[in-house]
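Colleague: Could you take a close look at one part of this model for me, the nonpolar core and what is built around it? Start from a single residue and work outwards, if you don't mind.

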Amino acid sequence: MTLLALNAGSTSTKLALYERDLHQLWSASVSGLASPNARLLTREPGGDADTQELGPLQFRSATELLLGELAQRWPTLQIEAVGHRVVHGGDLPVDSVTIDAPTLAAITHWSSLAPLHQHLNVAAINAARQAFPGALHVACFDTGFHRTLPARASLVAVPERFRSLGVRRYGFHGLSYESVLQQLAASGEPVFSERVIAAHLGGGSSLCAIAQGRSVETSMGVTPLSGVPMTTRCGDLDPGALLFLLQSGETDVRQLQAALYEESGLKALTGTSGDMKLLLDISAHSSEARKAVDYFCYQVRRHMGALAAAMEGVDRIVFTGGIGANAAFVRQAVCDGLRFLGVELDAKANLANASSVHTSHSGIKVNVLETDEESILARKAAAHVDGSGGH
């Protein structure tokens with residue numbers, strides 16, 4: 001009997017297969033779903049990755065492709081449980097829940113607060129339930145980690161009639177934050193007694209203040225649109241600007257939603273691409289790319305300062321996500337502006353993407369980690385099989 005983790009995102013879909021003891025057997029992913037050059041990557045633990053260029057591919061086809069690859073490689077597979085990443089848990093009071101008809105209806109209800117992701121999560125759930133009808137399917141919420149936010153961090157100062165509809169700050173990327181905490185704890189680091197700023201920087205980016213292992217503040221709020229600027233998402237924006245745009249007659253709600261989620265962020269600043277790797281590659285001869293990179297690093301640094309204030313100090317900073325784990329220039333630019341807090345990077349370690357990139361004299365520890373959301377999904381699915389899930 002095995003466990004399956006299915007992580008459906010806006011630009012990639014990942015799948016990982018685990019034994020009951022959480023030992024990973026195989027993983028596969030399709031990346032570049034928002035580009036003309038999607039590719040399939042499969043890997044067995046300890047082995048080299050096998051990569052296949054796919055050309056343009058739609059999300060549903062990518063999910064079907066991954067499930068087909070799984071069935072081909074493991075034809076007699078018996079899946080006991082499937083852990084599904086679901087971006088928005090809304091007002092559900094748990095970090096994970098067994099999926100039934102009412103739960104799926106609730107997940108669908110919150111789709112308007114995560115329009116880039118939630119409908120993809122629902123589509124992946126439906127595909128997996130069809131492929132594995134006898135398995136236990138578990139929704140694992142990105143918002144779940146932030147259920148510990150105090151009222152002063154979760155409240156939104158709008159009329160109660162709006163708050164009663166669910167307008168509050170939720171926070172996202174919780175599975176990633178849980179992953180880096182577990183990785184650091186497993187390596188012997190005292191993260192559950194520290195004040196940690198974790199930065200998940202990628203196509204979607206957010207930061208989280210974690211005190212003694214609990215989320216106490218975060219950069220994202222009601223939706224995954226707020227906080228730092230992202231590849232195609234705007235980040236923080238004065239709501240009065242949205243009223244102005246709607247009242248101008250130049251756009252309607254549907255057009256505005258598409259613009260804010262799919263046409264903004266770094267892509268809007270450059271006019272061409274929001275891909276950080278590309279922007280770093282061309283920044284030497286592109287002033288637009290340099291401005292976009294500088295803007296991103298500044299906003300990350302600004303939010304880190306706010307999170308340090310929320311915890312009245314910081315002991316450790318953790319970078320993760322595609323940008324956080326791989327873009328040494330971004331980490332250096334962010335941390336150079338935090339020297340007043342005592343941050344000091346080891347330039348050589350940082351360039352090598354080492355797991356620890358601070359100097360021995362740094363007043364704050366700085367780590368670089370690859371996030372592993374799939375292992376968290378599998379762990380939560382296993383807990384529901386055991387009857388201890390959904391806390």
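Modeller: Happy to, and let's start with Val330. Leaving out residues up to four places away in sequence, Val330 touches Leu201, Met276, Leu280, Phe296, Cys297 and Ile323. Keep in mind that this is a predicted model, so those contacts are read from predicted coordinates.

Now step back to the core itself. Val330 is one of the residues with the most contacts inside the largest nonpolar core, along with Ile197, Met304, Ile317 and Phe319, and that core counts 37 residues. Who supplies them? At least two residues each come from strand 9 (195–200), strand 10 (206–211), helix 10 (276–282), helix 11 (287–311), strand 12 (316–320), helix 13 (328–336) and strand 13 (365–368). Helix 11 is the top contributor, giving 10 residues. There is also a second core, separate from this one, with 26 residues, among them Leu4, Leu17, Leu25 and Ala123. As background, nonpolar side chains in soluble globular proteins tend to be buried together.

The strands deserve their own look. Five of them make an open sheet in the order 11-10-9-12-13, and the pairing is mixed. Strand 11 (214–218) and strand 13 sit at the edges, each pairing on one side only. On average, neighbouring strands in the sheet are turned by 25° against each other, ignoring direction. At the strand 13 end, strands 12 and 13 run parallel and are joined by 4 bridges. Phe319 turns up again here, standing opposite Val368 in strand 13.

Since you'll want some context, here is what else I'd look at. Begin with His84, which belongs to strand 6 (residues 79–86). Is His84 buried or exposed? His84 has a relative accessible area of 1%, so it counts as buried. Its contacts, again skipping residues up to four places away in sequence, are Leu6, Ile99, Ala124, Ile125, Ala128, His137, Val138, Ala139, Cys140 and Leu377.

Then there's strand 4 (residues 38–43), which has two faces: Ala38, Leu40 and Thr42 are on the covered one, while Arg39, Leu41 and Arg43 are on the uncovered one. Strand 4 pairs antiparallel with strand 3 (residues 24–31) over 5 bridges, and Thr42 is the bridge partner of Ala28. Those two strands form a hairpin with 6 residues between them, and Gly32 in the turn has a positive phi of about 75°. Strand 4 also runs antiparallel to strand 5 (residues 50–55), again with 5 bridges, and there Ala38 has Gly55 as its bridge partner. Strand 4 and strand 5 make a hairpin too, with 6 residues between them and a positive phi of about 85° at Gly46 in the turn. The covered-face residues Ala38 and Thr42 are therefore worth following on screen, one to Gly55 and the other to Ala28.

Last stop, a helix pair. The axes of helix 7 (residues 239–248) and helix 8 (residues 253–262) come within 10 Å and cross at roughly 135°. That angle makes helix 7 oblique to helix 8. The crossing is right-handed. Leu242, Leu245 and Leu246 of helix 7 make the contact with Val253, Leu256 and Leu260 of helix 8.

Terms used: Residues numbered from 1 in each chain as written. Predicted model: local features only at pLDDT ≥ 70, side-chain atom pairs only at ≥ 80, totals over all residues. Heavy atoms only, no water. Buried < 20%, exposed > 50% of the residue type's maximum accessible area, 1.4 Å probe, protein only. Pairing = 2+ DSSP bridges. Core = buried A, V, L, I, M, F, W, Y, C linked by side-chain atoms within 4.5 Å. Contact = heavy atoms within 4.5 Å. Axes fitted to C-alpha atoms, helices over the stretch in contact; angles between N-to-C directions. Parallel < 35°, antiparallel > 145°, perpendicular 65-115°, else oblique. Left-handed = near helix turned anticlockwise from the far one by under 90°.
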